[in-house]
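Trainee: Could you take me through one helix pair up close? I'd like the geometry and the contact residues.

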Amino acid sequence: MAQRRAKCRLGLGHAFNMQPGARSLFGGVMCVAMAACAPIAAPQSNAITPERAPGSDRPMRVMSLIACTDQMLVALADREQIASLSFYSQNPRSSPIAAIAKTLPVNYLGAEDVIATKPDLVLSTPFMPHATRQTLQRLGVKVLLFGVPDTVEASTAQVREIGAALGQSSRADALIAEMREAARPIEAPRGERALMTYPDGYAAGAGTLIDELMTKAGLWNVAPDYGLGRWGALSLEQMVSAPPDILLVEPERYSKGTDAARLLGHPALKRAELSVRTASVASSMLYCGGPVVPALANRLKAVARGEAAL
């Protein structure tokens, strides 16, 4: 039964914490009905909240239930403030903090994890397992809820909010300054047509953080030219009919049978004597904002300057 519950949480976490392209990358099955995942209500005012360290306004048992807030917590909190991270944090393919996360406690998003951890602050998504939601309501634990930001400014707002909640506003300000500096638009962009592919063939269109960072790096995101909205799946025919100048892929994907390989080896490209340059972008940079923004922005600028390849 415990193994079954863990599998259900895996499906829930990936469905709600990651962008569409991440779902098949990390697998998982949706085991809980959408109706059981309504946004969490406000905590009961008369419930008991776990005690903080004497003389301190900072929460000292902070629990993160999603991959993106795992990264925020590691970047902003003191180590002793971290009660646990989600188990997603230890996957090196999806998490840029995997090495650090393996030295910290992890949770599996469940109600029993909350009860055992006794957190004084929980960072999560508006959607979470029903039992976990009920437990947090009953205990009256403070909960901050975050989605995936669509812009650099939305991401900095999340950093600021989490930093204030942790009592680490100075660290948040420093990270925000780094994010804004890295995301500064380049001068005289070449405007090469680029496509960021996700592991299962999805692409980020207009109105996404990826689109904004590509534009600021001097790249033209061609996903909207293919008729995609904010997110969508690409067909090989669309890409072949108007191939990008640059195809951005994760390093592990560049192998036989992937979308990138099929595009690059398509007979239509060879007949037309078209060439598509490839550059790698680690998948661990693609699903969250916050601490990954500087690395992703700088990587995209290196691609735009022709300094990055597979």
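Mentor: Sure, start with the handedness: H8 passes H13 in a left-handed crossing, meaning that the near helix is turned anticlockwise from the far one by less than a right angle. This is a predicted model, where local features need pLDDT of at least 70, side-chain atom pairs count only at pLDDT 80 or more, and totals for chains, interfaces and linings use all residues. Residues are numbered from 1 along each chain as its sequence is written, and side-chain values use heavy atoms, with hydrogens and water left out.

Helix H8 covers residues 169-182 and helix H13 residues 293-304; their axes come within 8 Å and cross at roughly 15 degrees. Helices here are DSSP runs (H or I, at least four residues), numbered from the N terminus. The axes are lines fitted to C-alpha atoms over the stretch in contact, with angles running from 0 to 180 degrees between N-to-C directions. H8 and H13 are therefore roughly parallel to each other, a label for angles under 35 degrees.

As for who touches whom, H8 brings Glu 178, Met 179, Glu 181 and Ala 182, while H13 brings Val 293, Pro 294, Ala 297, Asn 298 and Lys 301. Contact means heavy atoms within 4.5 Å. Sort the residues of this contact by type and you get five nonpolar, one polar and three charged. In that scheme Ala, Val, Leu, Ile, Met, Phe, Trp, Tyr, Cys and Pro count as nonpolar, Asp, Glu, Lys and Arg as charged, and the others, Gly among them, as polar.

Key. Helix = DSSP H or I, 4+ residues; strand = E, 2+ residues; numbered from the N terminus. Parallel < 35°, antiparallel > 145°, perpendicular 65-115°, else oblique.
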